[in-house]
Amino acid sequence: MVNILIAEDEAPIAHLIALALKEAGYRCDWAADGEQAADLAGAGCYDLALVDVMLPEADGFALLPYFQSLDLPVIFVTARAAVADRVKGLKLGAEDYIVKPFAVDELLARVEAVLRRFHKAEDVLTLAGLRADPRARKVWRGEREIALTPKEFDLLLLFLRNPNAALYRDTIYERVWGGELAYGSKTVDLHVQRLRKKVGWEGQLRAVNKIGYRLEVPR
């Protein structure tokens with residue numbers, strides 16, 4: 001799964017970017033300042049960083065050399081629109097420079113372009129009788145395209161990316177819905193039941209007692 005680090009001190013913008021990335025099939029973490037961004041980058045394994053230039057603690061230009069030492073490509077996403085700033089960012093080694101306000105579709109297109117350049121874009125997944133394209137958010141069984149809701153597709157990707165692993169209901173809910181599963185909630189179970197029926201996984205997507213669910217595929 002492609003992991004993206006968002007370094008942005010404005011929460012509404014960070015949440016907008018995170019929502020768009022998650023809907024496009026990426027996993028992301030958010031850092032609200034430069035120091036936190038450096039800590040996350042050093043401790044984690046990211047494929048791309050979206051970095052605001054004007055960050056507290058350490059600005060984006062200062063972070064860039066450290067991210068480069070981690071082989072972590074950077075796209076600057078910033079309100080600093082001056083040509084001099086854009087030239088500086090690109091000359092320092094940023095892969096792209098996006099000026100706020102931006103169109104979400106353009107941001108996603110630039111993210112995909114950088115990931116392809118670094119050979120980190122996720123290819124089509126073929127497993128358990130299905131073919132799923134995370135970028136196009138489409139899935140097929142044979143030549144038949146299967147219509148899924150956004151949450152069902154996110155759930156499908158989660159199981160495809162974790163074959164034969166027993167996934168806890170709490171983990172499933174956090175990864176797909178982004179929060180804590182309320183006690184007694186049947187949200188996960190109902191979505192799993194619908195997904196199982198739609199994609200033909202009645203014999204493969206199995207309940208694991210007191211844990212959650214597992215997609216069983218031949219090893």
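## Salt bridges and the largest pocket

The side chains of Glu-152 and Lys-198 meet in a salt bridge, 2.7 Å from N to O; the term covers a side-chain nitrogen of Lys or Arg within 4 Å of a carboxyl oxygen of Asp or Glu. Glu-152 sits in helix H6 and Lys-198 in helix H8 (residues 187–199), so the pair ties together parts 46 residues apart in sequence. Helices (H or I, at least four residues) and strands (E, at least two) are DSSP runs, numbered from the N terminus.

A quick note on the source: this is a predicted model, where local features need pLDDT of at least 70 and side-chain atom pairs count only at pLDDT 80 or more, while totals for chains, interfaces and linings use all residues. Residues are numbered from 1 along each chain as its sequence is written, and side-chain values use heavy atoms, with hydrogens and water left out.

Searching the whole structure turns up 13 salt bridges. Here are three of them, with their N to O distances.

| Acid | Base | N to O distance |
|---|---|---|
| Glu-152 | Lys-198 | 2.7 Å |
| Asp-96 | Arg-110 | 2.8 Å |
| Glu-216 | Arg-206 | 2.8 Å |

How do the partners sit relative to solvent? Buried means under 20% relative accessible area, exposed over 50%, and partly exposed in between (1.4 Å probe, protein chains only). Glu-152 is buried at 2%, whereas Lys-198 is partly exposed at 33%. Asp-96 is buried too, at 16%, and its partner Arg-110 is partly exposed at 27%. With Arg-206 at 39% and Glu-216 at 27%, that pair is partly exposed on either side.

Beyond these pairs, Glu-8, Asp-52 and Lys-100 are linked in a network of salt bridges.

Now for the largest pocket. A pocket here is an open set of points on a 1 Å grid over the protein atoms alone, where a 1.4 Å probe fits, with protein on both sides within 12 Å along at least five of seven lines; lining residues have an atom within 4 Å of a point. The largest one holds about 560 Å³ of space, the volume being what probe spheres set on the points fill.

Its lining takes in 23 residues, with Lys-22, Tyr-26, Glu-174, Arg-175 and Val-176 nearest the centre. Which element gives the most to this lining? H6 does, with six residues. Helix H1 (11–23), strand S2 (27–31), helix H6 (150–161) and helix H7 (169–177) each supply at least two. By class, the lining has 11 nonpolar, three polar and nine charged residues.

Key
Nonpolar A, V, L, I, M, F, W, Y, C, P; charged D, E, K, R; others polar.
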